[in-house]
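Me: I would like to go through this model step by step and ask, for each term used, what justifies it. Could we begin with one strand and work outwards to the chain contacts?

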4 protein chains.
Amino acid sequence: MLIVMQKDATPDQVTAVIRAIENRGHTARPIPGGARVSIGVLYNEGAVDASVFHDMPGVKEAIPVTRPYKMVSREFQPHDTIIRVGNVNIGGDHLLIIAGPCAVESEHQVMTIAEHVKKSGGDILRGGAFKPRTSPYAFQGLGEAGLKILAKAREAFGLPIVTEVLDLACYDMVEDYADIVQIGTRNMQNFSLLRRAGESKKPVMLKRGMSATVDEWLMAAEYILTEGNPNVILCERGVRTFVRHSRNTLDLSAIPVVRRESHLPVIVDPSHAAGFRDQVMPLARAAAAVSAHGMMVEVHHAPETAKCDGGQSLLPEQFDQLCRQVRSIFEVSRNAE
Amino acid sequence: MLIVMQKDATPDQVTAVIRAIENRGHTARPIPGGARVSIGVLYNEGAVDASVFHDMPGVKEAIPVTRPYKMVSREFQPHDTIIRVGNVNIGGDHLLIIAGPCAVESEHQVMTIAEHVKKSGGDILRGGAFKPRTSPYAFQGLGEAGLKILAKAREAFGLPIVTEVLDLACYDMVEDYADIVQIGTRNMQNFSLLRRAGESKKPVMLKRGMSATVDEWLMAAEYILTEGNPNVILCERGVRTFVRHSRNTLDLSAIPVVRRESHLPVIVDPSHAAGFRDQVMPLARAAAAVSAHGMMVEVHHAPETAKCDGGQSLLPEQFDQLCRQVRSIFEVSRNAE
Amino acid sequence: MLIVMQKDATPDQVTAVIRAIENRGHTARPIPGGARVSIGVLYNEGAVDASVFHDMPGVKEAIPVTRPYKMVSREFQPHDTIIRVGNVNIGGDHLLIIAGPCAVESEHQVMTIAEHVKKSGGDILRGGAFKPRTSPYAFQGLGEAGLKILAKAREAFGLPIVTEVLDLACYDMVEDYADIVQIGTRNMQNFSLLRRAGESKKPVMLKRGMSATVDEWLMAAEYILTEGNPNVILCERGVRTFVRHSRNTLDLSAIPVVRRESHLPVIVDPSHAAGFRDQVMPLARAAAAVSAHGMMVEVHHAPETAKCDGGQSLLPEQFDQLCRQVRSIFEVSRNAE
Amino acid sequence: MLIVMQKDATPDQVTAVIRAIENRGHTARPIPGGARVSIGVLYNEGAVDASVFHDMPGVKEAIPVTRPYKMVSREFQPHDTIIRVGNVNIGGDHLLIIAGPCAVESEHQVMTIAEHVKKSGGDILRGGAFKPRTSPYAFQGLGEAGLKILAKAREAFGLPIVTEVLDLACYDMVEDYADIVQIGTRNMQNFSLLRRAGESKKPVMLKRGMSATVDEWLMAAEYILTEGNPNVILCERGVRTFVRHSRNTLDLSAIPVVRRESHLPVIVDPSHAAGFRDQVMPLARAAAAVSAHGMMVEVHHAPETAKCDGGQSLLPEQFDQLCRQVRSIFEVSRNAE
């Protein structure tokens, strides 16, 4: 934290701020010179509450300086985290492709789609058994029956599975079936759920909140790491902005920022960012071009009948073409770093 | 839903869209005339997935028309909901004032502040025993010990209490102590928690999510009402925007919009919107001026030592002045409606 | 500017940053201690380009510290600027009320509305003769004929007039007729226009850009002051956010922030923020409640026939009620400061 | 426009709305059936003002349906516009690469950079002679001297030049020197400037406003086309959001949306979107991956001494690598469409 004093701040006002810093157990270091005095706050554990100083006489501004996260930081662990799921590496030089339907609807549906995913070279199968829905009147998922269908597809096609957990009540069950447990965008700051994920042995895919900063997202991951689970995959899925032509605005600059700040793998979900099929293909290619560690896309063989997000699901032949494109683009992009 | 066709759409394309609507169980009504054909979708239960039609040949746009909520709507219940807590009416012609510390820190702290709140004419005491914190290293609340302190203050000063519930695991306990259970901004779309709140007899204060539309906020309330609990108080607390001079941007136009759309009472939290003490007073007055049903503000007798949000807490004498101001302003504003 | 080094930055990296600061003509002051080194940049004129340092080896972050504006700052001039127009004070303890139609449509229209404005106690008449319109097919204003009508109304009712200038080409003409020249939201960073306004003797009303920070807004005012015109009135009119229930989101916390940072008067335009009549009244009251120096509202005696923004114009009887309400609220609020 | 009535709207209220539509010269078509009546507005020229109907008794909502633009629309001209500048095609199957310094600083600087741009296969040289700067104290450009330097570089290297015009006063001069005239983000809704651009014979590059919707951006282009200049190149450069890790948030989904809605070529400026060099390369690759028609990037041989935006300028060797990457990625992506 840096506290910037007004130009005409009196020595007494400076002294009062120094005392307030010391009363909170930190070290104050005044920086004289220039047109005004500033005061650095040192040796603080975690973030210092800037608003406390904002209102003291003579203070112009209180500016946070150090980042609040630790274990997720590249300063804490300089080398990339690589997570092994089945025989797939997540976080290294392999472009991870996760694909499948938005929601598990039936065994026939999942088996049909899984076969396409496998054939086109997808690495992992996705599918929701517990669905977070804005409306209580919308389809809420098949629950455990859905998880069983996913497990069957895993056995049949050798694809690990990722599926979403909604709350503490269903965590044990989801953890039993899934290879990767997904925490959705609306739960990014569900701290009890993050703590529970930290006690799990299973890798966690943590989607970015709809209006979360990268700092808040990394702090959410920090909750999981501090409880003992180092296997977190971050997933950018678009943020909410004034823009109306897509469901969300995909924030691709978050990828180089996360790769610079953290050692955790970071992938992209272009389907939920776009909301419309004709935007998903270009955004998925863009994800490979910014050197994300992978992507997760929705695929459906009969999207016009899908119970959820049909309009943003790729057709199997589109997915097939996509896989070839993104692997080429990733190769071209990787050589650049 | 209204589906707008391109100007050069062929009759076959129009027919295909009509068939797709009917296949999903809805009624299609083509609207000829003008420069292009549009097709209305009628008799749908809940929202229709617009993205499904977006990609069909000849379609220009698919536009949602009817609102997805029912029970919270003024069309469903024309008269205002009034909730009785202790001997306070929430939702009528009385301006509700809730005040107290951000977090329960000690019995001495809560009793001191509660006495001030009572003396200045506050209606309800607030205080957090379970705190949602961005950082795992920040103070997380006293838990049940905090709830006991709040209960003691209720007994001493006759003030009903509102306190936040974080997850399913602590709902029973919070419900036992609280007069109103608060669901925080990060949990606005925690659907399991909303369902649990719907099974409760205790009124629920539902804060707006950081980037939730009013529609999504009302849909979250709908989850609670559909489970059987009609006593929901909505609380606007600012939304996330590009603005950096305040913690959030208070969206005061949401108040007349909610009052028009819904019968539920709606209050304002200027403290979390502002983040800085010198903005809290003006925003609290503004809340009364837009005819919100009330407000919730943070008060602390020694904010520079507060474990949480000290910089946005009002001093007792500021709160006292505020109460007089907002009651006058509410009176002036009410006569206007 | 403060440059924060990585924890493991080498002494050579620190030296390189110091040299880069000095090469740009500034003074570098290293701040040792704590877990990492930071380096302050002192004696810089204007803002330092943070991005230059961001990419140097060993640098974690470059954080701007001092504000870039000077003449508009309260540090430069501690007392409030008060602008005298006709016999109205703008910026003092009087709540300024500006009202009138969105666009000048006819002499009859302007005279009818001006009479209502005068009768209800409005201070200044507004009306657009040159209209900035999103669409080239929309009504673009009456031009000089419109200015003449406004001048006639000024003469008839003794109301000073404010009207918008669109470009350099029409500045001389607008300046001849207007008492206050308005620079609209889309022109807030039209720097040639700002410079021209700086050379004028007429007061300028500078509306905030649709997505401008308060800093950028004050910098735009700085352009006017540096050219020699000290009479700038700032006008908050809502910012663009994800919210869809109002045309813009009124950022009322900007009022206390501007009053703290600058000596210039600051008013509110609730009509353009809301976009809907039923939101204008509550937001106008809120403007008085946050102690803005005044407000500008649209009034029309026959809004359903208006050529522009009819749906957000108040009826004369609504305006009359509003004037009484906001003057009461301003009085209640002022005593609080 | 579609006007949705409340469920309990009376026949008289419906009739009143129909009459109001007809009074404004449009055709009203009631759509009975379903749970409520809706009324379509037909045969309107340009946009209908929704706010006028919002407040009528019995009206629930007024929803705009048709897009307000015409000449820029793909419905108006189905085939792509291709603009020929020198021997470069803009808008076809060639990926346009524009590069150069942010600001023209000296002949030596421009000639050095232009040589690099030429050698790496850039198509067009950029450089600002008139600079829009947030601060009046920042470097404002060399003016005509800068334009002469650009013209010299064009002659020496055979690269067409694009440079920004700031206002009406300098349009003639900029037009004389430039091959493409750039209208910057802060001028996107400077309607006088757009009209002047429409009278020019020179192609115009129109950057998206900082918080403009795609509709508003296309309407701005419509101003230019209606005046007679069909050669408009759109340029996406990031929009303002709550995100703080990049200068703006690049909205790449705008590219497929513009390509669907309009026949005009659309390129991407990753430099201004990012603001930091280490984000520019990935975002430039992403621009090629979403099949933009090209990109504009800042290049500087000595960015640490640049007078403007040094921290986001690529080094010549980075630019060289980028050219090879983006041409490969564009090839891979194009085959997909």
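**Strand E11 of chain A and its surroundings**

Reply: In this predicted model, strand E11 (residues 204-207) of chain A is covered on both faces, with A:Val204 and A:Leu206 on one side, A:Met205 and A:Lys207 on the other, and all of them buried.

Me: What makes A:Val204, A:Leu206, A:Met205 and A:Lys207 count as buried?

Reply: A residue is called buried if 20 or more other C-beta atoms lie within 10 Å of its own, and A:Val204, A:Leu206, A:Met205 and A:Lys207 are all in that class. In a regular strand the side chains alternate between the two faces of the sheet.

Me: How do you know that E11(A) pairs with strand E10 (residues 180-183) of chain A?

Reply: Pairing requires at least two bridges between the strands, and E10(A) and E11(A) have three bridges, in the parallel sense, so they count as paired. Within this pairing, A:Ile183 has A:Leu206 of E11(A) as its bridge partner. The chain passes from E10(A) to E11(A) by way of helix H6 (residues 191-198) of chain A, in a β-α-β crossover that is right-handed.

Me: What makes strand E12 (residues 232-236) of chain A a partner of E11(A) as well?

Reply: The cut-off is again at least two bridges, and E11(A) and E12(A), which run parallel, are joined by four bridges, so this too is a pair. Here A:Met205 is set opposite A:Ile233 of E12(A). Together with helix H7 (residues 214-226) of chain A, the strands E11(A) and E12(A) make up a right-handed β-α-β unit.

**The four-strand sheet of chain D**

Me: Why is the sheet with the order E2-E3-E1-E4 in chain D called open, and which strands stand at its edges?

Reply: The four strands pair in the antiparallel sense in the order E2-E3-E1-E4. E2 and strand E4 (59-63) of chain D are the edge strands, because each has a single partner strand, so one side of each is left without a neighbour in the sheet. From one strand to the next, the twist averages 20°.

Me: How do you know that E1(D) and E4(D) are paired?

Reply: They share four bridges in the antiparallel sense, which satisfies the requirement of at least two, and in E4(D) the bridge partner of D:Val4 is D:Glu61. Helix H1 (residues 11-23) of chain D lies across E1, E2, E3 and E4 of chain D and runs at about 150° to E2(D).

**Contacts and symmetry**

Me: What makes up the contact between chain A and chain D?

Reply: The contact takes 39 residues from chain A and 39 residues from chain D. On the side of chain A, helices H8 (254-261), H10 (277-289) and H11 (316-334) each give two or more residues, and H10(A) gives the most, with nine. By class, this side of chain A holds 21 nonpolar, 13 polar and five charged residues.

Me: Why is the relation between chain A and chain D that of a two-fold axis?

Reply: Chain A can be laid on chain D with an RMSD of 0.0 Å by a turn of 180° and a shift of 0.0 Å along the axis, and that is the relation of a two-fold axis. The C-alpha of chain A nearest the axis belongs to A:Ala286, 2.1 Å from it. Since 100% of the interface residues of chain A are also interface residues in chain D, the copies meet through the same surface.

Definitions and conventions: Residues are numbered from 1 along each chain as its sequence is written. Chains are lettered from A and ligands numbered from 1 in the order in which they are written. This is a predicted model: local features need pLDDT of at least 70, side-chain atom pairs count only at pLDDT 80 or more; totals for chains, interfaces and linings use all residues. Two residues are in contact if their C-beta atoms, placed from the backbone, lie within 7 Å. Ala, Val, Leu, Ile, Met, Phe, Trp, Tyr, Cys and Pro count as nonpolar, Asp, Glu, Lys and Arg as charged, and the others, Gly among them, as polar. A residue is buried if 20 or more other C-beta atoms lie within 10 Å of its own, exposed if 12 or fewer, and partly exposed in between; C-beta atoms are placed from the backbone. A crossover is right-handed if, with the strands pointing away from the viewer, the path from the first strand over the helix to the second runs clockwise. Axes are lines fitted to C-alpha atoms, for helices over the stretch in contact, and angles run from 0 to 180 degrees between N-to-C directions. Copies are superposed by least squares on the C-alpha atoms of residues with pLDDT of at least 70 in both.
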